[in-house]
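Student: I have a structure open and would like to test the words we use for it. Could we go through them together?

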Amino acid sequence: MSTQTTAHTMAIQASRKPSAFTLERFWLYLILCLFAFMFLMPIYVMLVNSIKPLDEIRAGNLVALPLAPTIEPWVQAWSQAQIGVQATGLKPYFLNSFLMVIPAVLISTALGALNGYVLTQFKVKGGTLLFGLVLFSVFIPFQIVLIPMARLLGELGLAGSVKGLILVHTVYGIGFGTLFFRNFYAAFPQELVKSARMDGAGFFVLFWRLMLPASLPIVVVNIIWQFTNIWNDFLFGASFSDYSSYPLTVALNNLVSSSTGVKEYNVHFAGAFIAALPTLIVYIVSGKYFVRGLMAGSVKG
Amino acid sequence: MKNRWLPALVLSPSLLLVGVCVYGFIAFTFYLSFTASTILPNMTLAGGENYARLFSLSTFFSSLGNLGLFATLYIVISMALGMTLAILIDQRIRAESIFRSIFLYPMALSFIVTGTAWKWLLDPSIGLERTVHLMGFESFTFNWIKDGDMAIYTVVIAAVWQTSGFVMALFLAGLRGIDNEVLNAARVDGAKSWRIYTRIIIPQLGPSFISSFVILAHMAIKSYDLVIALTGGGPGRATWLPSVFMYQYTFTRNEMAVGAASAVIMLIGIAVVVVPYVRREMRLNQGPNA
Amino acid sequence: MTSLTIENVYKQFGQTKILQDISLDLADGEFLVLVGPSGCGKSTLMNIVAGLEEPSAGRVTLGTRDITYLPPDERDVAMVFQSYALYPNMTVAQNIAFPLEMRKVPKADRQAAVQKVSNMLQIDHLLDRKPRALSGGQRQRVAIGRALARSPSLFLFDEPLSNLDAKLRVDMRAELKKLHMRTGVTTIYVTHDQVEAMTLGTRIAVLKDGLIQQLATPMELYERPANLFVAGFIGSPSINTAEASVDASGNGACKRNPSVFVLIPYTSTKPLFLAFVQKTWSLTATA
């Protein structure tokens with residue numbers, strides 16, 4: 001349907017020759033480029049200043065290109081910068097983030113898929129209410145669970161550990177995953193399910209052989225969304241980790257907000273870039289999957 | 001299905017986890033807000049005195065005030081900018097996907113990264129002010145980030161930069177869902193472009209407005225990372241939001257019960273915005289479990 | 001005089017030729033039907049007349065005005081779309097009044113026009129409803145009402161009955177005919193249904209692959225189709241055809257059954273088709 005509309009749009013309006021260079025189009029592109037410039041500026045500044053020696057930054061202009069580019073700030077940020085009490089750079093914390101993100105994403109995606117499957121294909125008492133509760137849980141301010149969660153992690157002996165963070169992120173990722181998959185499976189053609197059941201497919205076979213394979217794009221969307229959110233999280237990281245288990249965001253903030261000593265802006269920018277790279281790469285590579293993830297939570301009629 | 005209990009069994013780990021870690025914890029925090037907890041949870045009830053204390057603290061009031069100001073500007077500007085960008089991009093632009101990618105990429109970044117970048121960008125000694133000085137305009141000042149009264153606006157700037165792309169994506173989807181023949185009918189009926197937008201297109205964007213409002217509002221209330229990275233809550237406490245207040249009072253000032261109370265207030269704020277949305281979704285999505 | 005003239009209109013997208021050398025002349029008050037299979041270019045032609053598309057070449061004249069490159073709102077043309085295209089956020093009354101509003105007609109006059117039109121189409125009890133609360137047939141009347149309210153010089157109908165169920169379609173066909181007799185507005189009506197074409201049009205233009213195959217009255221199309229395509233397209237059941245050839249002595253023979261001889265006053269070296277409508281033939285046995 002949308003391709004039809006797009007083609008129709010093009011059919012109706014192609015006679016106006018979108019490539020025609022009228023004054024109106026000129027202004028349109030100009031305004032868009034202006035906005036694009038404003039959106040790109042911060043990351044340009046970050047990049048450019050992350051390869052400048054410190055005196056250049058202090059002497060000069062944030063937007064100017066480096067006169068004597070150096071990768072020293074990046075080296076510093078990665079392996080030598082002072083984070084808290086140790087001068088290890090961001091490397092160990094980069095690792096922590098990975099160790100934290102991957103299990104959390106995998107488990108919450110798996111649970112989300114199963115939940116979505118059950119909620120849409122089987123009569124569960126109070127299923128709509130459950131849906132509502134799960135939907136609401138996704139919006140809660142996490143401040144409301146900080147105290148009891150800290151307590152729980154303490155009781156489980158997971159306080160201040162990466163494992164503890166994995167647990168936290170998994171638990172709070174289940175809601176999102178369930179919603180994504182539920183929405184997708186709700187629109188799944190029922191005839192396929194019925195005929196598979198008549199062919200004798202049981203609970204797990206139906207899931208594993210029919211529905212899950214059909215939902216691979218949603219699996220990808222979910223993974224991308226969870227990865228981005230968990231990698232970028234700060235609040236849980238700051239609340240539940242200690243020096244050895246800081247995720248990257250906490251370490252970065254530590255690096256940047258230290259009030260002692262000389263402010264090494266270039267190292268800060270390099271560090272921020274290092275922290276941003278994984279999710280940026282995922283964004284660039286995944287393109288429309290990223291957008292689908294964004295939209296999945298929102299527009300419904 | 002042979003095993004009637006299998007679906008329920010499969011759901012149960014998640015139900016347990018979400019039940020405990022979301023709703024159980026909410027109840028716990030709620031209870032805590034009525035106790036006399038300081039450093040550690042203390043289960044003796046102390047009535048509503050924490051709430052009384054909360055509302056007597058000027059820091060809390062200024063946090064609420066900041067939130068009100070921040071949220072209003074953030075929501076209004078993001079929606080206006082997002083809708084504008086969507087309308088511009090919808091004009092059959094060449095390189096549409098490039099522009100879209102450019103406006104949307106900030107959503108992929110952590111708020112800490114955004115805060116770090118903007119912190120130095122807006123810093124008078126090395127950022128915008130200095131850059132403009134070096135270009136010759138010596139009298140230009142832009143030290144909002146260091147100014148107690150103006151710092152909150154820097155948070156608005158950074159937050160709008162981060163999420164307008166998302167609002168744009170929502171409105172773009174809404175725009176593309178509008179039946180093209182209706183637009184043709186309007187053209188034949190004599191409506192000029194401007195009128196078509198105001199009389200026909202924008203009124204049909206209701207769902208986009210609602211969705212973006214709900215999401216922006218709840219993000220505003222939850223804002224924490226950005227404030228910490230951008231201003232640290234400062235200068236002083238000029239950019240404290242309720243989320244910052246909660247963290248400070250719970251973990252730094254050892255007034256856990258007061259912190260819990262502030263968290264409850266935050267939850268209520270979000271519930272007011274989100275519950276109607278959730279109920280609407282529940283009504284629309286009955287599934288086989290009606 | 002609001003007659004419409006289409007002269008040598010071409011429409012091309014890159015290499016694809018949608019319309020080729022279309023020329024039509026409509027008299028004032030005529031009801032012309034454009035009929036043809038999908039992809040024949042009829043909708044594109046409509047869009048060009050409406051001003052929603054520009055022709056690659058050619059000219060369109062309405063009355064004394066050259067409207068070829070005028071924007072739609074300056075053409076005094078009204079259009080009824082296949083999907084009705086009602087404004088979903090406005091009531092029926094607002095929908096009908098919209099074109100008048102765009103032309104800055106004062107409120108009192110607008111309301112009067114809405115009343116008049118809705119009475120004529122028997123939708124006056126629906127004026128406060130929104131399109132989503134209407135049935136298909138009701139929506140269609142609102143769409144017609146919206147077009148009528150403007151008293152345009154030219155009506156364009158783009159397959160307006162395609163989305164209705166069979167009975168409603170037949171009823172609406174009769175109503176449209178009556179409406180045309182009452183208002184007398186020059187009309188172009190597009191359809192892929194040849195029954196509709198035959199019943200509604202004063203003249204019919206059969207299109208295929210962007211070319212007019214024949215432009216004639218319904219009877220002429222039926223009795224004297226200009227080519228095989230028109231012959232096969234018009235008439236239900238469709239016309240009978242058989243291959244034939246003519247020998248040197250002027251005796252035609254029908255290939256399907258070489259023992260049938262048909263005398264045709266026609267010589268040709270090219271292969272022939274014989275097409276005949278059942279009722280014009282009777283068989284007599286010769287010994």
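Tutor: Gladly! Let us begin with burial: a residue is buried if 20 or more other C-beta atoms lie within 10 Å of its own, exposed if 12 or fewer, and partly exposed in between. Keep in mind that this is a predicted model. In chain C, 39% of the 287 residues count as buried.

Student: Why is C:Asp21 called partly exposed?

Tutor: C:Asp21 has 14 other C-beta atoms within 10 Å. Buried needs 20 or more and exposed 12 or fewer, so a residue in between is partly exposed. C:Asp21 therefore gets that label.

Student: What makes the phi of C:Asp21 worth a remark?

Tutor: Its sign. Most residues other than glycine have a negative phi. The phi of C:Asp21 is near 50°, a positive value in a residue other than glycine. You will find C:Asp21 in strand β2 (residues 16–26) of chain C.

Student: Where does B:Asn254 lie, and what is its phi?

Tutor: B:Asn254 sits in the loop between α12 (242–252) and α13 (256–284) of chain B. Phi is near 55° there, again positive in a residue other than glycine.

Student: Why is B:Asn254 partly exposed?

Tutor: Because B:Asn254 has 13 other C-beta atoms within 10 Å, and that label covers counts between 12 and 20.

Student: On to the sheet in chain C. What makes β6 and β10 edge strands?

Tutor: The six strands run in the order β6-β7-β8-β3-β9-β10 and form an open sheet with mixed pairing. In chain C, β6 (77–80) and β10 (211–216) each pair on one side only, and they are the edge strands. From one strand to the next, the twist averages 20°.

Student: How do you know that β7 and β8 of chain C are paired?

Tutor: Two strands pair if there are at least two bridges between them. Strand β7 (residues 154–158) and strand β8 (residues 186–191) of chain C are joined by five bridges and run parallel, so the condition is met. For one partner, look at C:Leu156, whose bridge partner in β8(C) is C:Ile188.

Student: What lies across β6 and β7 of chain C?

Tutor: Helix α4 (residues 136–148) of chain C does, running at about 180° to β6(C). Angles run from 0 to 180 degrees between N-to-C directions, so a value of about 180° means opposite directions. In the whole of chain C there are eight helices and 14 strands.

Student: How many residues does the contact between chains A and B take from each?

Tutor: Chain B gives 86 residues and chain A gives 82 residues. On the chain B side, helix α1 (residues 6–32) of chain B has the largest share, with 16 residues.

Student: How do the residues on that side of chain B divide by class?

Tutor: The side of chain B that touches chain A has 60 nonpolar, 21 polar and five charged residues.

Student: And where are the domains of chain A?

Tutor: The domain assignment gives domain 1 (21–70) and domain 2 (91–296) of chain A. Taken over C-alpha atoms, their centres are separated by 33 Å. Each of these two domains of chain A puts seven residues into their contact. On the domain 1 side, α2 (23–50) and α3 (54–59) of chain A are the elements giving two or more residues. The largest share there, four residues, comes from α2(A).

Note on methods. Residues numbered from 1 in each chain as written. Chains lettered and ligands numbered in written order. Predicted model: local features only at pLDDT ≥ 70, side-chain atom pairs only at ≥ 80, totals over all residues. Nonpolar A, V, L, I, M, F, W, Y, C, P; charged D, E, K, R; others polar. Domains from an automatic or database assignment.
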